[in-house]
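Let's take a walk through this one together. Have the sequence and the 3D view open, and we'll go from the sheet outwards.

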Amino acid sequence: MTPKVSILDLQQKKTNQQPITMLTAYDYPGAVLVDEAGIDLTLVGDSLAMTVLGHPNTVSVTMDEMLHHSRAVARGTKRAFLVGDMPFMSYQVSRTEAIHNAGRFLKEANMDSVKLEGGREVEDAVRGIVAAGIPVMGHLGLTPQTATKLGGFKVQAKTAAAAKHLLEDALLLQDCGCFAIVLEAVPATVATYISQKLTIPTIGIGAGVGCDGQVLVFHDVLGLYDRFTPKFVKQYTNLREATLTAFRSYRDEVEQRTFPTEAHSFKITEEEWNQFLTSNK
Ligand code: KIV
């Protein structure tokens with residue numbers, strides 16, 4: 001059996017200065033591919049709202065939708081450490097509700113941990129979830145659930161004061177017991193500095209090479225998201241074009257009756273066929 005990646009493995013990678021890898025996945029086939037590629041962590045991100053459900057932002061995705069997709073990802077995962085992203089308003093209302101919703105990711109969807117966005121403003125929720133025995137990944141910098149409050153999808157911590165605020169939040173989340181922190185859209189120098197100050201791993205997205213690991217969104221890596229591509233995304237292939245070519249070929253072949261061929265069809269014996277025709281005379 002393939003051994004699962006553990007929090008200790010991630011911590012070991014930080015100690016040994018070996019980069020940690022994380023990708024998002026939202027369904028069974030995607031999870032199988034991420035797992036087979038040897039990625040350390042699979043995040044069922046609330047980016048699901050945009051990449052899979054077609055919403056304009058991540059705000060509207062619900063607990064039930066996140067759990068539904070998390071269950072499929074868990075079925076396709078043997079090795080990667082699983083992170084379920086807590087949706088907007090599933091952890092802000094009260095500490096009790098936050099613990100209850102975090103617990104659902106583990107009990108109902110087989111996740112290994114949860115991720116939530118924010119620093120000092122979510123301290124109580126993070127401490128509660130950690131105290132309940134649930135591993136928590138933090139998320140600082142550009143926090144998409146509250147992007148409107150931040151003035152849009154903008155790079156964060158660009159002033160000395162904002163960088164200090166970010167460092168304080170990162171240290172606080174570490175003190176709360178988070179096992180890792182995502183740093184999104186943060187200047188590389190700031191992210192590197194924070195990564196060096198923390199004893200827990202940082203996972204960067206648009207935060208430069210100095211983080212302890214990197215994360216990208218499944219559909220961005222594969223060129224499958226058609227709306228926009230942030231500067232920090234590297235598209236490793238263009239499956240959109242390849243998929244369109246395949247679908248158009250299928251459409252043409254069906255319309256021209258060149259698919260299916262005999263190779264894709266089934267046969268009845270001549271004897272059975274004759275019997276059938278006789279019985280229908
Ligand atoms: O939801 C998501 O995909 C994320 C990553 C971008 C870190 O939070």
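Two strands count as paired here if DSSP finds at least two bridges between them. Keep that in mind for strand 5 and strand 6 (residues 180-184): they run parallel and are joined by five bridges. One of the residues involved is Leu 140, whose bridge partner in strand 6 is Leu 183. Bear in mind as you look around that this is a predicted model.

Now zoom out to the whole sheet. Eight strands close into a barrel, and you can follow them round in the order 1-2-3-4-5-6-7-8, with parallel pairing. On average, neighbouring strands of this sheet are turned by 25° against each other, if you ignore direction. As a general point, side chains in a regular strand alternate between the two faces of the sheet.

Start at the N-terminal end of that order. Strand 1 (residues 20-24) and strand 2 (residues 41-44) run parallel, with three bridges joining them. If you want a landmark, find Thr 24, which stands opposite Leu 43 in strand 2. Carry on along the chain and you reach Ser 47, in the loop between strand 2 and helix 3 (48-51). Is Ser 47 buried or exposed? Its relative accessible area is 14%, and because anything under 20% counts as buried, Ser 47 is buried. Its side chain also has company: a polar contact of 2.7 Å joins it to the side chain of Tyr 26.

Next, move round to strand 5 (residues 136-141). Why can we call it largely enclosed by the rest of the structure? Because six of its six residues are buried. On one side, strand 5 pairs with strand 4 (residues 113-115) in the parallel sense, over two bridges. Val 114 is the residue to look for there, as it stands opposite Val 136 in strand 5. To get from strand 4 to strand 5, the chain passes through helix 6 (residues 123-131), and this β-α-β crossover is right-handed. The next step can be traced in a similar way: strand 5, helix 7 (residues 160-176) and strand 6 make a right-handed β-α-β unit.

What about the cysteines? A disulfide is a covalent bond between the sulfur atoms of two cysteines. This structure holds zero of them. Take Cys 178: the closest cysteine sulfur is in Cys 176, at 6.3 Å, so the two are too far apart for a bond. Cys 211 is in no disulfide either, and its nearest cysteine sulfur, that of Cys 178, is 15 Å away. As for their surroundings, Cys 178 counts as buried because its relative accessibility is 3%. Cys 211 is buried as well, with a relative accessible area of 9%.

Finally, step back to the chain as a whole. The domain assignment gives domain 1 (7-237) and domain 2 (242-279). Taken over C-alpha atoms, the centres of domain 1 and domain 2 are separated by 46 Å. Have a look at Leu 239 too, which lies in helix 10 (residues 239-255). Leu 239 counts as partly exposed, at 31% relative accessibility. Compare its position with that of Asn 57: the two are 182 residues apart in sequence, and their C-alpha atoms are 23 Å apart in space.

Note on methods. Residues numbered from 1 in each chain as written. Predicted model: local features only at pLDDT ≥ 70, side-chain atom pairs only at ≥ 80, totals over all residues. Heavy atoms only, no water. Helix = DSSP H or I, 4+ residues; strand = E, 2+ residues; numbered from the N terminus. Axes fitted to C-alpha atoms, helices over the stretch in contact; angles between N-to-C directions. Buried < 20%, exposed > 50% of the residue type's maximum accessible area, 1.4 Å probe, protein only. Right-handed = clockwise from strand over helix to strand, strands pointing away. Disulfide = S-S within 2.5 Å. Domains from an automatic or database assignment. Polar contact = N/O pair within 3.5 Å; in protein donor to acceptor, adjacent residues only side chain to side chain.
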